[in-house]
Amino acid sequence: MAAYDIIIVGAGSAGAALAARLTEDPQRSVLLLEAGPDYVDLETMPSDLTDGTTASVDKHDWHWEGNAIPQRAVPYPRGKVTGGSSAVNGIVAIRGVPEDYDEWAALGNDGWGWEDVLPALRKLEDDQDHGGDLHGNAGPIPIVRWRDDELTPLQSSFQQACLAAGHPACDDHNVPGSTGVGSWAMNRTGTLRISTAIGYLNPARHRLNLTIRAGCEVNRVLVEDGAAVGVEVQHDGRLQTARGNEIVLCAGALHSPPILLRSGIGPAAHLAEVGIDLVHELPGVGQNLRDHPSVTLISQPKDGVISPGDPLQQIGLRYTASASDEENDMQMYMWSYEAERVPQIRVTVPGFDFLFMITPTLQRPKSIGSLHLASPALDDQPVIEINLLDDESDMDRMVDGVRRAWDLLHSGPIAEKTEQVLRPSQEIVEDDEAIREFLRERVSHLVHPVGTCKMGPAADPLAVVDDRCRLHGIDNLRVADASIMPNIVRGNTNLTSIMIGERCADFMMA
């Protein structure tokens, strides 16, 4: 007899939501495994997790890297803690647009169109600014926007510059058809980041049918006679096993594929290369990696423009790139950095206590990356090829984005607060090939990896799971996290990942 009805691997955005929903039934026992630490209340939670005004990319991170372009590695932060990346991110809570989810359905994924996922998006949120049929008001994740009187001088200047450039004002980026500049919707209460650990897990911790075990890194899924029966877990330096009637991988787009590969599930040729016996061939495991390409234009502010403790970001711009056939395929941010709070900035741009960055970001990239194992060892990071800007249309739209950002940077509201622009130079911005070289040297990602366990029908050669998150070819095994997204959404991926946890819970409880 199995020890648990369900074992969930990964207590992040999707996994925590899934565990909380499934254990609403007291007859269902759930084991939730997390590789990082678990903080059971706000009193014991470190400040880097509670402070929603900045992102945490060090203390609760895997410290992995990926190649932004071939042979140029960049950090690839991912949360290693209950709550996963929802516990460390920049708390921008933006959905994809309806067309993104309708595309999923059109690819053969029944139940994933806009009208299907909207109830789950509403169920997860408590939108404290907007109501109506498009928003939820009783969910575990509070959604709020900065008021004009709460904006820092720099964020207010960014908003003014975007309006002066002709972009419309937007008071709710989560309304279908919205575009322009306005306050980001954020998952916070005051400055407290509300992760899925706080919003979903904390209210469920009293349940006797929910077991949360931290410091447990899953090596592989145990498969017997074509069905998943348990997991092999490294805890305190020892490998142990846990058995369950059903296994759900919620480890994320960078971590769920390596677990499958170490389990002998994936491309046969690759598994043979690294010496892993084939259990079931699925060529799509680790393929179809998507992320949002991003680049920073960096400036030094005048004294006093940025104050200690200022939020990293408040205002966002969504727009359509020149000559693009997809609406809202670009975002732009204004980021304020204080070296005292983000020491990594001293490595990136040494010698400055305060910096600000305008960051154009492509939301609908066509370039596709992949990941594969470097070795069968659990402690070896996989090789991650993000492959940004490989498609020429991606490069063209980012060139357009750099020039738009440059114009905003030199507009009156922002220029009057600028001591000097550090990069790029005007000579670069005025030359097409120079911008392309600048992008090849500087492009990174927005830390939104998706797609590496693609959802799709069995006829799709790269599909890993079906439209109920069930693995093709292995019984009692599901994947439910950002890795199943067939394509990346036009928005920050956290809300969509939580929604995937909600949808998977619906399927499993049905």
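**Local features of the predicted model**

N476 is partly exposed, with a relative accessible area of 37%. In this predicted model, N476 sits in the loop that runs between β25 (444–445) and β26 (477–479), and its phi is positive, at about 65°, although N476 is not a glycine. A positive phi is also found at D225, where the angle is near 55° in a residue other than glycine. D225 belongs to the loop between β12 (217–224) and β13 (227–235), and with a relative accessible area of 85% D225 is exposed, because the value lies over 50%.

A further backbone feature is the peptide bond between R423 and P424, which is cis, with omega at about 0°. P424 lies in the loop between β24 (418–423) and α12 (426–429). Another proline, P140, is placed in the loop between β5 (125–127) and β6 (141–145) and is partly exposed at 23% relative accessibility. When residues up to four places away in sequence are not counted, P140 touches R21, K123, L124, I194, G199 and Y200. The C-alpha atom of P140 is separated by 17 Å from that of S85, the two residues being 55 residues apart along the chain.

Among the loop residues, T44 is found between β2 (30–33) and α2 (47–50). With a relative accessibility of 43%, T44 counts as partly exposed, and the side chain of T44 is joined to that of D41 by a polar contact of 2.9 Å.

Two polar residues in strands were examined for burial and for their surroundings. Q331 lies in strand β20, which covers residues 330–338, and has a relative accessible area of 1%, so that Q331 is buried. The side chains of Q331 and Q363 are joined by a polar contact of 3.2 Å. Leaving aside neighbours within four places in sequence, the residues in contact with Q331 are W184, L317, R318, Y319, T359, P360, T361, Q363, L446, G491 and N492; Q363 thus appears both in this list and as the partner in the polar contact. S299, in strand β18 (residues 297–301), has a relative accessibility of 0% and therefore counts as buried. With residues up to four places away in sequence not counted, S299 touches L355, F356, L409, T418, Q420, V421 and L422.

The cysteines were considered next. A search of the whole structure finds zero disulfides. C170 is in no disulfide, and the nearest cysteine sulfur, that of C162, is 12 Å away. C170 is buried, at 7% relative accessibility. For C250, which is likewise in no disulfide, the nearest cysteine sulfur is that of C504, at 6.5 Å; because a disulfide requires a pair of cysteine sulfur atoms within 2.5 Å, this separation does not qualify. C250 also counts as buried, its relative accessibility being 6%.

Internal space was examined in a search of the whole structure, which finds three cavities of 30 Å³ or more. The largest cavity has a volume of about 60 Å³, and its lining consists of T53, T54, I306, S307, D310, P311, L312, S336, Y337, E338, R341 and V342. Of these lining residues, S336, Y337 and E338 fall within the span of strand β20 (residues 330–338), the strand that also holds Q331. Sorted by class, the lining of the largest cavity has five nonpolar, four polar and three charged residues.

The second largest cavity contains about 40 Å³ of space. A total of 13 residues line this second largest cavity, and those closest to its centre are D291, S367, I386, N387 and L388. By class, the lining of the second largest cavity comprises seven nonpolar, three polar and three charged residues.

How values were computed. Residues are numbered from 1 along each chain as its sequence is written. This is a predicted model: local features need pLDDT of at least 70, side-chain atom pairs count only at pLDDT 80 or more; totals for chains, interfaces and linings use all residues. Side-chain values use heavy atoms; hydrogens and water are left out. Helices (H or I, at least four residues) and strands (E, at least two) are DSSP runs, numbered from the N terminus. Buried means under 20% relative accessible area, exposed over 50%, partly exposed in between (1.4 Å probe, protein chains only). A polar contact is a pair of N or O atoms within 3.5 Å; within protein, one must be able to donate a hydrogen and the other to accept it, and residues adjacent in sequence count only if both atoms are side-chain atoms. Contact means heavy atoms within 4.5 Å. On a 1 Å grid over the protein atoms alone, a cavity is a set of points where a 1.4 Å probe fits but cannot get out, and a pocket is an open set with protein on both sides within 12 Å along at least five of seven lines; lining residues have an atom within 4 Å of a point. Grid points are joined across faces, edges and corners, and a volume is the space filled by probe spheres set on the points. Ala, Val, Leu, Ile, Met, Phe, Trp, Tyr, Cys and Pro count as nonpolar, Asp, Glu, Lys and Arg as charged, and the others, Gly among them, as polar.
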